[in-house]
Amino acid sequence: MWRGAAVRAVRPTGGSRAASGAAAAQLRRWLEGELEGIRGAGTWKSERVIASRQGPHLRLEGGGAGILNFCANNYLGLSSHPQVIRAAVQALEEFGAGLSSVRFICGTQSIHKDLEEKIARFHQREDAILYASCFDANAGIFEALLTPEDAVLSDELNHASIIDGIRLCKANKYRYKHMDMHDLEAKLQDAQKHRLRLVATDGAFSMDGDIAPLREICQLAQKYDALVFIDECHATGFLGPNGRGTDELLGVMDKVTIVNSTLGKALGGAAGGYTTGPKPLIDLLRQRSRPYLFSNSLPPAVVGCASKALDLLMESNAIAQSMAAKTQRFRSKMTAAGFTISGKEHPICPVMLGDARLAAVMAEDMLSRGIYVIGFSYPVVPKGKARIRVQISAVHSDEDIDRCVEAFIEVGRKHGALP
Ligand code: PLP
């Protein structure tokens, strides 16, 4: 018999063998106190269980089917694209379930090398390196690259993984005010005393749908002899004329040195992340970056998904254009109805409400009308800036968009967000 089955027979699922002893009891009390604290602070994150594929129309476990989904990062609708799924199945059959190894021992297959080459070509960079996630790519880059003699300058609203990655490195740390070029310049001046300066920013910020002023950042970087790093998780595949990202949109592809991004959002949505940039940098990461060196290779099915997603995007930008048109439809109809939508032209469309309770009740009411959206409030966003974040996908139909807008208008009037 398969040993796993035997183990499960002894310990049936649902049962638990409570650890005993004073330390375990003390730990349990502490954990319960912490959990109570999170509930009391109103910051408990619950999870809705989806019983179907990711897509614009979902079935939720224990709930109705046909829920309209407006809160995935599935910007291009590739998470359930038939060709992406077929590519995953083919890779699974040809290359197996996984490598049972890190890359430098026996975990590199031809498909990993092909995907890295494809990513570098897509971004017009020299080389690329794969990670299990973009979180890992961000955790692995700063420590490998920067020494105590260097400086890193980071936007205060950068993603948690950039913040954590920077924490791990020994460089001198500067945090500049969100997209504030005066503050960045002052900090760059101070950082002149260090050997090397790296400015790190999200290309597009996920809470506000706003886009980093990369032209100005690159000008300052040139003036103060700094490198520029961007996290393109909410840009790769759809921003810019060919979907290359924020650097293409703002015409600075040749000025941004390092790009980190994810395969877990627009590029098929499975999992995985990467760094792309100069070849010696990528070579160094293969030698020194800890999440790469000490973690398993990406599973072939995941590699297959991302590789097919990139093929589709390099063949045509029709999918990205379709998403842009739907984003425009949603933003203009919501603005005409009297809502304030933060950001500009990005498929992240935060419906600004201000009050945390209003955002929560409106999101609940939207779900009761079959529209799945999420309310965000403090501490995820600043106090008084609560919102419902809507994310548009290429696979939403115009009717889906209109249904969402109509529901917002009804719910907004009911709860006093609209006159
Ligand atoms: N960077 C940004 C800006 C993100 O939004 C995310 C995911 O939420 C990540 C990094 C992490 O990406 P991954 O899911 O590939 O770990």
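**View 1. The shell around the ligand mixes three nonpolar, seven polar and three charged residues.** Welcome to this predicted model; the tour starts at the ligand. There are 13 residues around the ligand, and C134, D231, H234, T262 and K265 come nearest among them. Which helix gives the most to this shell? Helix α6, residues 134–145, does, with three residues.

**View 2. Side chains of H234, T262 and H159 meet the ligand through polar atoms.** Look for H234 to begin with: one of its polar side-chain atoms sits 2.7 Å from an oxygen atom of the ligand. T262 also places a polar side-chain atom 2.7 Å from an oxygen atom of the ligand. For H159, the ligand partner is a nitrogen atom, and the distance from a polar side-chain atom of H159 is 3.5 Å. How much of the ligand does the protein cover? On its own, the ligand has 390 Å² of accessible area, and the protein covers 80% of it.

**View 3. The largest cavity has a volume of about 90 Å³.** Now we leave the ligand and turn to enclosed spaces. The model holds two cavities of 30 Å³ or more. Around the largest one you will find R103, H112, L130, Y131, A132, P291, Y292, S295, N296, S297 and L298. Which elements each supply at least two residues of this lining? They are strand β3, residues 127–131, and helix α12, residues 290–293. Sorted by class, the lining of the largest cavity has six nonpolar residues, four polar ones and one charged residue.

**View 4. The second largest cavity holds about 50 Å³ of space.** Its lining is made up of Q54, G55, P56, N69, A72, N74, Q391, S393, V395 and H396. What classes do these residues belong to? Seven are polar and three are nonpolar, while no charged residues take part in the lining of this second largest cavity.

**View 5. F330 and F408 form an edge-to-face aromatic pair.** To finish, here is a look at ring against ring. The model has five aromatic pairs. Why is the pair of F330 and F408 edge-to-face? Planes over 60 degrees apart count as edge-to-face, and the two ring planes stand at 65°, with the ring centres 6.4 Å apart, so the pair earns that name. The pair also links distant parts of the chain: F330 belongs to helix α14, residues 318–337, and F408 to helix α16, residues 398–414, with the two phenylalanines 78 residues apart.

Definitions and conventions: Residues are numbered from 1 along each chain as its sequence is written. This is a predicted model: local features need pLDDT of at least 70, side-chain atom pairs count only at pLDDT 80 or more; totals for chains, interfaces and linings use all residues. Side-chain values use heavy atoms; hydrogens and water are left out. On a 1 Å grid over the protein atoms alone, a cavity is a set of points where a 1.4 Å probe fits but cannot get out, and a pocket is an open set with protein on both sides within 12 Å along at least five of seven lines; lining residues have an atom within 4 Å of a point. Grid points are joined across faces, edges and corners, and a volume is the space filled by probe spheres set on the points. Helices (H or I, at least four residues) and strands (E, at least two) are DSSP runs, numbered from the N terminus. Ala, Val, Leu, Ile, Met, Phe, Trp, Tyr, Cys and Pro count as nonpolar, Asp, Glu, Lys and Arg as charged, and the others, Gly among them, as polar. A residue is near a molecule or strand if one of its heavy atoms lies within 4 Å of it. A polar contact is a pair of N or O atoms within 3.5 Å; within protein, one must be able to donate a hydrogen and the other to accept it, and residues adjacent in sequence count only if both atoms are side-chain atoms. Accessible areas come from the Shrake-Rupley method with a 1.4 Å probe; for residues, only the protein chains shown count as cover. Rings of Phe, Tyr and Trp (its six-membered ring) pair if their centres lie within 6.5 Å; planes under 30 degrees apart count as stacked, over 60 as edge-to-face and the rest as tilted.
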